[in-house]
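Please follow the model below through its interior and one of its helix pairings, beginning with the way two helices lie against each other.

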Amino acid sequence: MIPLTSITIGIGIATLGAACVHTIAVDEDGRVRASAVVPLPPPVRDRPGHSEQDPRLWWPAVERALCQVTADLPRGEIGAVAVTATEGTIVPVDRRGLPAGPALLPDDLRGAAFNNRAMEIGGRAEGTPSAALGRVAWLAEHAPQARGIRHGPEVIGTQLTGKRVAVDSGHARGSGYDPRADTWASELHKSLGIPSKWLPEVVPPSTVLGTVSRTSAALTGLPKGCPVVAGMPEDCAAALAAGAVSPGRFAAMLGETYVLKGVSDTPAPDSYRLPGGRWLPGITSNLGSEALRDIARLDAAAAARGPADLVLCRKPFDASETSEFITGEPADEVELHRARLESAAFVERLALDHLRRLRLVPAEPLLTAGPGTKKSLLWTQIRATVSGVRINVAPHAEPAYGAALLAAAGVWPGGLRDHGGSTPVEPVAAERDALLASYHRFCGELHQRGWIDDELHAVTTS
């Protein structure tokens with residue numbers, strides 16, 4: 001058993017946005033003992049629908065980041081390490097499990113036709129143009145040098161341990177793994193031309209995959225024999241970092257997309273498996289970058305203005321949808337900005353109402369983190385007022401921090417831990433009636449366009 005004075009390290013491989021390797025060392029009290037960020041080259045998008053990166057660049061960046069972190073730590077107290085990555089990144093590999101071509105990133109659309117076929121065959125959730133399943137099928141047809149596929153964490157796990165490692169069920173899910181049945185969708189893979197031998201072993205998060213090899217220990221500063229633990233995709237790890245680690249606790253990540261994930265004892269649609277047999281259902285919506293861009297310039301005026309007289313809508317629960325429409329003409333850019341902030345709050349309230357329909361009742365307070373939360377107290381106040389619950393701003397939401405928690409859960413007793421330290425934001429009572437009236441208009445507009453069904457619309461008005 002690893003002593004409770006040990007430190008665990010999370011490694012985050014971000015392949016989209018600000019592409020980088022982020023490592024964080026966390027002690028048993030949740031304190032960050034050291035961290036490092038090493039940039040990666042941006043994705044290569046030289047042709048329509050193509051988005052790729054050279055996965056051979058990941059390990060040198062991981063080496064550098066780990067060396068920076070371990071240089072500030074007592075080596076003997078490093079107890080475990082886990083890896084998280086951007087979900088949907090697919091790497092063709094050779095017989096040794098090492099990269100045999102560019103990694104296809106989550107926004108690479110070369111597998112769209114295969115995903116459409118998957119939807120026709122089985123109606124699976126992976127049947128969307130950008131799902132990882134299609135990229136796996138595309139590689140099976142167009143990458144003769146490949147002898148299998150791996151996801152981001154496996155590539156780094158192989159380097160750390162010197163042998164092939166299993167993948168966690170979260171990263172495998174988009175490639176055709178069914179976490180409820182605990183099996184690959186073999187018939188679907190066969191129909192898409194994906195060889196069964198291409199697919200890695202799948203294990204639950206926080207499973208010990210192996211130990212750091214002598215060579216990797218020398219390159220990174222990690223102790224030889226240090227356990228390497230299975231992580232989760234970065235959105236899931238971020239929710240764990242924010243404190244969504246026990247039943248009923250939900251965390252919202254607010255940026256250009258809105259991601260709500262929380263812990264349940266039973267599976268729900270779009271759920272990830274957690275350590276200990278629990279589940280992490282989630283909802284995602286595209287909020288766009290407009291509100292984030294204008295926050296610093298317009299927030300003070302928008303706070304003084306009060307609730308907007310118009311409602312801005314977009315299709316909810318769709319991370320790829322960017323179009324929006326407005327129910328009136330904004331008086332000026334301040335009202336438009338305020339309407340965008342309120343629209344995000346309405347999406348959140350709709351997501352919470354949807355969870356209630358599924359008999360998943362989030363505990364109060366709602367946890368939150370992300371760029372939007374950091375940049376705008378007003379946005380959080382509006383969200384608290386619309387949802388009617390206190391919102392606690394979490395001190396951490398870095399996926400690498402969540403990976404460190406998963407590493408700890410793999411080697412320490414007690415499972416996942418919430419280390420607290422969040423800052424509460426209360427609803428603004430004087431604005432509640434006006435914002436609720438706008439929320440009901442928002443839901444009415446969505447229902448009229450067929451974007452929410454009759455049952456959910458009824459829940460929103462109850």
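In this predicted model, helices α14 and α15 run roughly antiparallel to each other, because the angle between them, about 170°, lies over the 145 degrees from which that description applies. Their axes are 10 Å apart, and the contact is formed by Y439, H440, C443, G444 and H447 on the α14 side, with D454, H457, T460 and T461 contributed by α15. Sorted by class, the residues of this contact comprise 2 nonpolar, 6 polar and 1 charged.

Helix α14 (432–448) also takes part in the largest nonpolar core, being among the elements that give two or more residues to it, together with strands β15 (250–254) and β16 (257–262) and helices α9 (290–305), α10 (333–357) and α12 (377–387). Of these, α10 gives the most, with 10 residues. The core holds 41 residues, and those that touch the most other members are Y258, L260, L350, W379 and F442. Around L260, once neighbours within four places in sequence are left aside, the contacts are F250, A251, A252, P281, G282, I283, A351, L352, L355 and L366. A second core, separate from this one, has 35 residues, including A34, L40, L66 and V93.

Burial can also be followed along a single helix. Helix α3, residues 132–142, is largely enclosed by the rest of the structure, since 8 of its 11 residues are buried; these are A132, L133, G134, R135, V136, A137, W138 and L139.

Definitions and conventions
Residues numbered from 1 in each chain as written. Predicted model: local features only at pLDDT ≥ 70, side-chain atom pairs only at ≥ 80, totals over all residues. Heavy atoms only, no water. Core = buried A, V, L, I, M, F, W, Y, C linked by side-chain atoms within 4.5 Å. Buried < 20%, exposed > 50% of the residue type's maximum accessible area, 1.4 Å probe, protein only. Helix = DSSP H or I, 4+ residues; strand = E, 2+ residues; numbered from the N terminus. Contact = heavy atoms within 4.5 Å. Axes fitted to C-alpha atoms, helices over the stretch in contact; angles between N-to-C directions. Nonpolar A, V, L, I, M, F, W, Y, C, P; charged D, E, K, R; others polar.
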